[in-house]
Structures are given as structure tokens and as C-alpha cells.
Amino acid sequence: MIAKLRQHWIAALFVLAVLTYLYAPIVVIVLFSFTTSPRLSMPIEGLTLSWYRSALDNPLIISALTNSLVLALISAVAAGAMGAAFSFGLMRLKRPHVREALIGASLLPAIVPLLVIGIALAVFFRMLGMPQGLVNTAIGHLIVCLPFVVLTMNARLETFDFSMLEAARDLGASPVRTFLDITFPLIRPSVVGAALLAAALSLDEFVITWFNIGNQQSVPVLVWGMMRRGVDPSINAIATLLLTLLVGLVICSNLLGRKKRS
């Protein structure tokens with residue numbers, strides 16, 4: 001009995017240690033975003049929202065935040081549409097080995113180092129004469145997000161009953177009407193969930209953005225630049241806002257995933 005109790009406490013302490021290791025830096029950032037002291041030290045003297053007001057009054061931060069949201073929106077819409085169409089096409093292939101090969105090829109960018117993709121895109125766009133900017137960055141974000149959207153959509157379409165589409169067409173429905181009335185309502189939670197995941201990945205992306213955005217800024221690139229000059233408490237506020245946005249997107253994506261499974 002005592003041995004089992006000891007094992008239980010050891011397991012609980014190990015889980016607590018792992019969770020502390022994972023989340024302690026994030027908790028520190030969130031905590032210091034509310035402190036009154038500009039010195040990032042303990043004990044905390046008081047709480048304030050002034051660092052958030054300071055961050056949101058900074059035109060550079062507003063510009064970076066706008067760019068990040070634009071990139072996230074483009075990534076969500078484009079990756080959601082392209083990933084869903086690509087996965088749908090894969091499922092209609094009749095040769096399993098070809099489908100598996102194409103799925104593997106589509107997931108390859110997820111394991112290629114972002115540094116390689118960032119440099120390759122920068123060289124590629126320079127060869128084409130395209131100046132650095134949001135367009136190049138959006139294309140890079142799309143490459144990063146697409147594998148995850150394809151993975152999500154494939155999981156949903158594995159259980160999709162394609163005979164319903166054939167039945168609708170046998171009853172005289174056009175392809176467009178079949179898509180609007182049957183296909184899209186059934187896959188909509190998966191598409192929206194995958195698009196939210198793409199938006200979350202885009203908001204967090206730094207390496208490809210840094211190589212391709214040029215003189216413009218996104219939130220991760222701006223924070224990196226600010227931290228090179230020292231840790232301003234407003235950086236903690238920006239990081240907390242970004243963290244809140246990312247967590248919200250991931251929670252919404254998971255909720256939609258549960259809805260599709262139910």
C-alpha cells in the first residue's frame with residue numbers, strides 16, 4: 001500500500017515538473033506584462049495595464065499587428081481552400097499507392113527546416129525580381145500551413161461517405177448544388193478548424209517571415225527586433241496578446257474538431 005502511494009506521488013511530481021518546465025516561461029511573461037515596475041524582477045510591487053496601453057499606442061506595433069493579422073487571414077482562407085480541395089482530390093484517386101505518395105509529398109514541407117524554406121524562398125523571389133514584402137511572406141506562410149491543413153482534412157475525408165454525392169447526382173443535382181447542399185455542410189467544421197490552425201501557425205511564424213518581409217514588420221519580427229535592444233515590459237504585453245490570440249484560435253480549432261467527430 002505504501003509502495004503504491006509512493007509511486008503515485010512520484011508520478012504526480014514528475015507530471016508537475018514536466019508541466020512547470022513547459023509553462024513556467026510563459027507564466028513569467030504573462031505575469032510581468034501586468035507589473036507596475038519596468039524592472040523585470042521579483043517581488044511584484046503592483047499590477048497595471050499601462051504596458052498594454054503603451055504597446056497599443058505604439059504605431060510600429062499596430063502596423064506589425066495589422067500585418068500579422070493580414071497574413072493570418074490570407075493563410076487561413078488560402079490554406080483552407082487549397083488544402084480542402086487537394087485532400088478531396090486525393091480521396092477520389094483510385095490507386096492507393098499514388099494517393100499515399102502524394103500525401104507524403106504534400107506533408108514534406110512540415111519536416112523541412114524553416115530556415116531552408118525561408119532562404120530558398122528569398123533566393124527564388126529575388127531570381128524572379130519580386131521585392132520582399134507581404135506577398136512573398138504570405139506565399140511562404142501558405143507553404144508552412146498547407147501540410148497541416150491537408151493532414152486535418154485527410155483525417156475527416158477518410159470517413160466521408162462519397163456515395164451520398166453519387167446519390168445526389170443520380171437524383172439530378174448539379175455538381176455545384178451537390179457541393180453547396182451536401183459536401184460543404186458536412187466538411188465545413190473540418191475546413192474551418194483547419195483554417196483556424198493555419199491562422200495560428202501564421203501568427204507564430206518567424207523564420208520565413210524574417211527572410212521575406214523586407215522593411216515591413218510582423219509581430220514576431222518586431223518583438224525580436226525590440227528584444228535586441230533590451231527587454232521592454234511592453235514586449236511582455238505584446239507576447240501575452242499574441243499568446244491569447246493563438247490559444248483562442250487553437251481552442252476554436254479543437255472545438256470544431258470535436259464537433260466533426262460527434
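Is V18 buried, partly exposed or exposed? V18 counts as partly exposed, because its relative accessibility is 33%, a value that falls between the 20% limit for buried and the 50% limit for exposed. Before we look further, please keep in mind that this is a predicted model.

**A nonpolar patch on the surface**

V18 sits in helix 1, which covers residues 2–32. On the surface, V18 belongs to a nonpolar patch together with F14, V15, L19, Y21, L22, Y23, I26 and V27. The accessible area of this patch adds up to about 910 Å². T20 is also found in helix 1. With a relative accessibility of 44%, T20 is partly exposed. You can use T20 to get your bearings along the chain: T20 and I251 are 231 residues apart in sequence, and their C-alpha atoms are separated by 21 Å.

**A salt bridge in helix 8**

How many salt bridges are there? The count comes to one salt bridge. D181 and R177 form a salt bridge, with their closest N and O atoms 3.4 Å apart. Both D181 and R177 lie in helix 8, residues 175–204, where four residues, about one turn of the helix, set them apart.

Here are the partly exposed residues met so far, side by side:

| Residue | Relative accessible area |
|---|---|
| V18 | 33% |
| T20 | 44% |
| R177 | 45% |
| D181 | 47% |

**The nonpolar cores**

Now let us turn to the inside. In soluble globular proteins, nonpolar side chains tend to be buried together. Here, the largest nonpolar core has 21 residues, and L203, V219 and I238 are those with the most contacts inside it. Two or more residues of this core come from each of helix 2 (50–56), helix 3 (59–91), helix 8, helix 10 (219–227) and helix 11 (233–261). Helix 11 gives the largest share, six residues.

Which residues is I238 in contact with, leaving aside its neighbours within four places in sequence? The partners of I238 are A55, I61, V219, V223 and M226.

There is also a second, separate core, made up of 16 residues. Among them are C145, L157, F160 and L165.

**Looking back**

A good way to explore the model is to begin with V18 and its neighbours in the surface patch, go on to the pair D181 and R177 in helix 8, and finish with I238 and its contacts, including V219 and M226.

Technical notes
Residues are numbered from 1 along each chain as its sequence is written. This is a predicted model: local features need pLDDT of at least 70, side-chain atom pairs count only at pLDDT 80 or more; totals for chains, interfaces and linings use all residues. Side-chain values use heavy atoms; hydrogens and water are left out. Patches are made of residues with over 30% relative accessible area and no salt bridge: like charges are joined within 9 Å, nonpolar side chains (Val, Leu, Ile, Met, Phe, Trp, Tyr) within 5 Å. Accessible areas come from the Shrake-Rupley method with a 1.4 Å probe; for residues, only the protein chains shown count as cover. A salt bridge is a side-chain nitrogen of Lys or Arg within 4 Å of a carboxyl oxygen of Asp or Glu. Buried means under 20% relative accessible area, exposed over 50%, partly exposed in between (1.4 Å probe, protein chains only). A nonpolar core is a set of buried Ala, Val, Leu, Ile, Met, Phe, Trp, Tyr and Cys residues joined through side-chain atoms within 4.5 Å. Contact means heavy atoms within 4.5 Å.
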